[in-house]
Each structure stands twice: as structure tokens, then as C-alpha cells.
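This report describes one residue and its contacts, then the empty spaces and the nonpolar cores. The structure is shown first.

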Amino acid sequence: MKKNQAEKQKSAAREYTEAIVIALILALFIRTFIVQAFKIPSGSMLPTLFIGDHILVSKFIYGIKMPFTGNVLIPIKDPKPNDIVVFKYPKNPKLDYIKRVIATAGDTVEIKNKKIFINNQPFEDIHGVFYDKRISPMLVDPRRDNFGPVRVPEGHIFVMGDNRDYSADARFWGFDNEGIFQGVDLQAVRGKAFIIYWSWDVTKGLFSWERFSSVRWNRIGDILH
């Protein structure tokens, strides 16, 4: 009896262990290839994304990629203008940035007094906002309101934050050490943001009723465009 009971306990422990291992493998697979969660730490994408928004990012929409290298194993489609993408920051790949795609490979980008032009045609900027109506002087901030023209190289994209006046984006860090514009390499793109699954005001108390009351219930479930 004791032997049978020990065998049953051992079998049950093995089943639990196998279930946990399988669950971990599935979670890792989903996070690597299907969907990943990110949180918004800055206001560069206001008013589309608030600080404290938690979003889900589709990892496979731009193709199945090899982990670590970013090489595409199964191509599906490339990012297109107005997509919100998460990518590895070119100056420090350990950091993840989120911005909106403005132009893709082969496009010529120019900004004149806050107005964006793609291939010499006005860009329909339906998401960009300007909290500072002033035009920044060239000697103060030469790339914020007047930029380019630059050509987006093959395999790269040009991105900007929706908060046009207060976003550290490709206008500022998109150049290599020789001053040649690169933008964001497609291999560095993690995926496309598609939904807000949680949101709260992170400036309020961490372990208090005030913290709970800071939940932005009206933003939860919002589809990102």
C-alpha cells in the first residue's frame, strides 16, 4: 500500500512538473513569436498613448523572425505608414521604443515648419499633435520643425512620436556616426501595437486606494490605430 501510494505521489508530481514545463514553453513561444506586452513610460505618443498604458504587440504580423537576430524566417508584410511599432532603439538595442511609421524604404522625407512632406507631397498627418505652436529656430532645435530632406534606405523605416514637439524620434537619432540617415532597421522592429489591455495613472500612490482609483477604465480594450 505504501509503495503504491508513493508511486501515485511520484506520478502526480511528475504530471504537475510536465504541465508547468509545457506551460512555460508555450508562454515563451507566444512571447517570442505571437504577442508581447509592453508598457508606455513616456509622453512621446500623446494623445494616442498615455504614460501608464499597457499594450499588446503583435509579433508575427510583420513575419516570423529568428530570435535575437531579427532575420525574417517567414515574411508576411512590412510596416506601413501610420502603423504604431515597437522596435529596438538604434543607439541602445537593450531599450524598446514605440513610435508611428511615417515613411518606408525609398521615400524622401522633409519637414517644413512642422508640416511633413513625403516625396514632395503633403503627408496626411491625422495623428500628429503640436502642443507648442512656435517654430523652433534652427540654432535652438534645428530638426524639430524643419528637417531633411532625407531618403529612407532599403530595409528601414522613418518613425515619429505623435507628440511631435516632444518626441525623441528618427529626426534626432536616425543618423549614423557619419551623418547618413538610417532610421530604424526592419530587423529591429519587434511588432505592431494593436490594443491597450491595461491603463492607470502611475503618478498616484502605489499601494493605496488612490492607486486603484487611478485606473483608466475607459482606455482598457481600446484598439490602436
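Apart from neighbours within four places in sequence, Ser167 has contacts with Ser44, Lys99, Met160, Gly161 and Phe172. The model is a predicted one. Ser167 sits in the loop that runs between β11 (156-160) and α2 (170-173). Is Ser167 buried or exposed? Its relative accessible area is 7%, and because buried means under 20%, Ser167 counts as buried.

Two of the partners of Ser167 can be described in further detail. The side chain of Lys99 takes part in a polar contact with the side chain of Ser167, at 3.1 Å. The side chain of Ser167 also reaches the backbone nitrogen of Gly161, at 3.2 Å.

**Empty space**

Rolling a probe the size of a water molecule over the atoms shows where empty space is left. In the whole structure, a search finds one cavity of 30 Å³ or more. Met160, a contact of Ser167, is also one of the residues that line the largest cavity. The others in this lining are Ile111, Lys114, Ile116, Phe130, Arg144, Arg164 and Arg171.

The second largest pocket has a lining of 13 residues, and those nearest its centre are Lys39, Pro41, Asp96, Tyr97 and Ile98. At least two lining residues come from each of β1 (35-39) and β6 (96-104). The largest share, four residues, is supplied by β6.

The table sets out the two spaces.

| Space | Volume | Nonpolar lining residues | Polar lining residues | Charged lining residues |
|---|---|---|---|---|
| Largest cavity | about 30 Å³ | four | no | four |
| Second largest pocket | about 270 Å³ | eight | two | three |

**Nonpolar cores**

Which residues have the most contacts inside the largest nonpolar core? They are Val85, Ile157, Phe158, Val159, Phe181, Val184 and Val189, in a core of 27 residues. At least two residues of this core come from each of β5 (84-88), β6, β7 (108-112), β8 (115-118), β10 (147-151), β11 and α2. The element that gives the most is β11, with four residues.

Ile157 serves as an example from this core. Leaving aside neighbours within four places in sequence, Ile157 is in contact with Pro79, Val85, Val101, Ala103, Thr104, Val152, Gly183, Val184, Leu186 and Val189. Another core, of twelve residues, lies apart from the largest one. Its members include Ile84, Ile98, Ala193 and Ile196. Ile98 is also among the residues nearest the centre of the second largest pocket.

How values were computed:
Residues numbered from 1 in each chain as written. Predicted model: local features only at pLDDT ≥ 70, side-chain atom pairs only at ≥ 80, totals over all residues. Heavy atoms only, no water. Buried < 20%, exposed > 50% of the residue type's maximum accessible area, 1.4 Å probe, protein only. Polar contact = N/O pair within 3.5 Å; in protein donor to acceptor, adjacent residues only side chain to side chain. Contact = heavy atoms within 4.5 Å. 1 Å grid on protein atoms, 1.4 Å probe; cavity = no way out; pocket = protein on both sides within 12 Å on 5 of 7 lines; lining within 4 Å. Points joined across faces, edges and corners; volume = space filled by probe spheres on them. Nonpolar A, V, L, I, M, F, W, Y, C, P; charged D, E, K, R; others polar. Core = buried A, V, L, I, M, F, W, Y, C linked by side-chain atoms within 4.5 Å.
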